[in-house]
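Please open the model in your viewer and keep the selection tool at hand. The tour below proceeds from one selection to the next.

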Amino acid sequence: MMKTTTTKMRVFLVLLAAASAAAAAASTDRCHSGDRAALLAIKAALGNPYHFASWTPDTPCCGWYDVDCDPSTGRVIGLAVFQDANLTGAIPDAVAGLVHLQNLRLHHLPALSGPIPPAIAKLSNLSFLTISWTAVSGPVPSFLAALTKLAQLDLSFNSLAGAVPASLAALPNLYSVDISRNRLTGSLPPLLFAKAPQEAYLRLSHNNLSGGVPAEFAAVGFAEVDLSRNAFTGDASALFGRTKPLQRLDLSRNAFGFNLSGVQLPEQLYFLDVSHNDISGGIPVQVANLTNLQFFNVSYNRLCGEVPAGGNMARFDAYSFQHNKCLCGTPLPPCK
């Protein structure tokens, strides 16, 4: 009886594997005519580069390089083009023809240039948009607010200029924005991430942004904030708080000025860099008890008082505290 049961189980598993293989094969064999036309138009607009050699009209588009299809519908839901210095031109308007696209990734394409086209706004199903490490220029377009399903926006390492559009605050699913290493100016939109459905990530380093941290940011559950190497000023203490989920905070190389003494550090913090600012007060004693803290730098500020001792403080050398007004105590010279 047991042998019969075992045999039936083996037959079932073989049939299941065969069915799965057949389904996978079927999904790559399928290709919606509208998706095929859009992809071939993208290829033509970029000059039919070798990168898209597999994109031929006589083969199913779900099997093409860089293309991802939904296995149940056969519609193109992902397009990821990356690491090709020979791919030149602007982002083709034909991308708007991929109406079911959920993930668009254009990464490490240094000769991709021109502005972000309005055609992107027609991708109503887009959840993840990456245009990074390219020569794309112009503004961060306000029409991105039309992408109501957008969750992650990565426009890092480009030549984008102008302000962070306030219209991004209207996106109900957006929780991650990375526009670091561009040429942005202006201030932070106060309501950005006011509707974030989960912990938020904001990366805007290496720009020329100015102004202060909006008071409204105190209500946002940030997991990571990187505002380093900008021209921010004023009080950034709204980002702190003992019970906040913040794990990584980099405010270095700005002109922030606030009293660090009264700040409560998030319990989960593992990285804190507030160096090269105009911060005063003393170092909160609480820092010694942050068990996850791996990087800590308060150098080049106007801090005074004794460096907290014990706990995890042995991890940090004098480099973390140097060039302050009157800090003292290990690993600095003794307090007088």
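In which sense do strand S19 and S20 pair, and over how many bridges? Before selecting them, please note that the model is a predicted one. Select residues 302-306, which form strand S19, and then S20: the two strands pair in the parallel sense, over three bridges. Within this pairing, display Cys 304 and Cys 326; Cys 326, in S20, is the bridge partner of Cys 304.

Next, widen the selection to the sheet as a whole. Three strands make up this open sheet, and their order is S17-S19-S20, with parallel pairing. At its edges are strand S17, residues 280-281, and strand S20, residues 326-328, each of which pairs on one side only. In general, the strands of a sheet pair through backbone hydrogen bonds, either parallel or antiparallel.

The tour now turns to the interior space. With a threshold of 30 Å³ or more, the count is one cavity. The largest cavity holds about 110 Å³ of space. To find its position, select Ile 42, Leu 46, Ile 91, Pro 92 and Leu 106, which lie nearest the centre of the largest cavity among the 13 residues that line it.

Now colour strand S2 (76-82) and strand S4 (103-114), the elements that give two or more residues to this lining. S4 gives the most, with four residues. Finally, colour the lining of the largest cavity by residue class: 13 residues are nonpolar, while no polar and no charged residues are found there.

Terms used:
Residues numbered from 1 in each chain as written. Predicted model: local features only at pLDDT ≥ 70, side-chain atom pairs only at ≥ 80, totals over all residues. Heavy atoms only, no water. 1 Å grid on protein atoms, 1.4 Å probe; cavity = no way out; pocket = protein on both sides within 12 Å on 5 of 7 lines; lining within 4 Å. Points joined across faces, edges and corners; volume = space filled by probe spheres on them. Nonpolar A, V, L, I, M, F, W, Y, C, P; charged D, E, K, R; others polar. Pairing = 2+ DSSP bridges.
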